[in-house]
Amino acid sequence: MGKTMKQLTMEFGVTRQAIMRKMDDKFRSKYVSKVHSNGVSKLTISDDGYKLLKQHFLSSNKAVSNEGVSYRNYVTHDSVTDTAMELLEKQLVEKDKQIEKLQQSLGEAHKLLDQQQQLNLSTNRQNEKLLDTSTNNTPSQDDSPSQNDDTDVLKPTESNSKWEETKTLKKGLFGWLRR
């Protein structure tokens with residue numbers, strides 16, 4: 001009885017594609033047949049075909065055999081890993097320095113902002129004092145405008161005061177369209 005592709009892959013330790021590459025049209029016509037079971041078709045290789053494939057794969061596997069090699073289940077630190085770790089540690093130190101510089105500059109900025117606010121506050125207080133003293137003083141004769149001066153801005157004249165009333169419609173959101 002022949003063997004299925006799955007059995008061959010398990011036995012030889014190769015992929016299905018590797019086995020399919022070794023089977024040319026002549027090999028398939030002599031040694032390969034399709035078997036249908038449970039609605040699934042499977043390739044089966046006859047015993048003679050199995051022997052040929054076994055001879056090929058086992059001879060090629062011996063050339064690249066890993067016998068005598070021991071595998072460990074733990075990771076070893078080598079020079080590449082140590083170099084990478086040193087590089088990462090240097091980067092961390094550099095980042096810490098950058099963070100410290102940023103914190104210092106942020107602290108200085110806060111101090112400058114505080115000083116600016118205090119300066120603005122003192123300037124505002126001085127301005128208020130000046131305004132209070134100027135409004136409390138009574139105007140002297142020299143400070144008062146002349147009686148005959150018609151260019152006084154505080155007095156409305158016919159030329160500089162135009163009191164036109166404009167009606168504004170406040171009917172709804174689109175009242176400006178009705179103007």
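## A walk through the sheet and the core

The protein chain has five helices and three strands in its secondary structure. This is a predicted model, so keep that in mind as you click along. Colour by secondary structure and follow the sequence: the pattern reads β-α-α-α-β-β-α-α. Across the 179 residues of the protein chain, 11% are buried. The protein chain exposes about 16,900 Å², with 53% of that supplied by carbon and sulfur atoms. Of the contacts with a separation of 6 or more, 46% join residues 24 or more positions apart.

**First stop: the sheet**

Select the three strands. They make an open sheet, antiparallel in its pairing, and the order is β1-β3-β2. At the edges you will find β1 (3–4) and β2 (32–37), each of which pairs on one side only.

Start at the β1 side, where two bridges join β1 to β3. Show Lys3 and look across to its bridge partner in β3, Ile45. Then show Thr4, which stands opposite Thr44 in β3.

Now go over to β2, which pairs with β3 in the antiparallel sense over six bridges. One pair to display is Val35 with its bridge partner in β3, Lys42. Follow the hairpin of β2 and β3 round its turn: two residues lie between the strands, and Asn38 takes a positive phi near 55°.

**Second stop: Thr44**

Stay in the sheet and select Thr44, which belongs to strand β3. Is Thr44 buried or exposed? Thr44 counts as buried, because its relative accessibility is 14% and the cut-off for buried is under 20%. Leaving out residues up to four places away in sequence, show what Thr44 touches: Lys3, Thr4, Tyr31, Val32, Ser33 and Val35.

**Third stop: a salt bridge**

Return to Lys3 and add Glu11. These two residues form a salt bridge, and their closest N and O atoms are 3.2 Å apart. The count of salt bridges in the model comes to one. Side chains of opposite charge can pair when their charged atoms come close. Both partners are partly exposed: Glu11 has 35% relative accessibility, and Lys3 has a relative accessible area of 25%.

**Fourth stop: the core**

Next, look at the largest nonpolar core, which has 15 residues. Which residues have the most contacts inside this core? Select Phe12, Ile19, Ile45 and Leu53 to see them. The elements giving two or more residues to the core are α1 (5–12), α2 (16–22), α3 (25–31), β3 (40–45) and α4 (47–63). In soluble globular proteins, nonpolar side chains tend to be buried together.

Centre the view on Leu53 and display its contacts. Beyond its neighbours within four places in sequence, Leu53 is in contact with Leu8, Phe12, Ile19, Lys22, Phe27 and Ile45. You have already met Ile45, as the bridge partner of Lys3 in β3.

**Last stop: Phe57**

Stay in helix α4 and select Phe57. Phe57 is buried, as its relative accessible area is 5%. With neighbours within four places in sequence set aside, the contacts of Phe57 are Phe12, Val14, Ala18, Ile19 and Lys22.

To finish, draw a distance from Phe57 back to Glu11. The two residues are 46 apart along the chain, and their C-alpha atoms are separated by 9.9 Å. Glu11 is also the salt-bridge partner of Lys3, which brings you back to strand β1 (3–4).

Methods. Residues numbered from 1 in each chain as written. Predicted model: local features only at pLDDT ≥ 70, side-chain atom pairs only at ≥ 80, totals over all residues. Heavy atoms only, no water. Core = buried A, V, L, I, M, F, W, Y, C linked by side-chain atoms within 4.5 Å. Buried < 20%, exposed > 50% of the residue type's maximum accessible area, 1.4 Å probe, protein only. Helix = DSSP H or I, 4+ residues; strand = E, 2+ residues; numbered from the N terminus. Contact = heavy atoms within 4.5 Å. Salt bridge = Lys/Arg side-chain N within 4 Å of Asp/Glu carboxyl O. Pairing = 2+ DSSP bridges. Areas by Shrake-Rupley, 256 points an atom, 1.4 Å probe, with all protein chains shown as cover.
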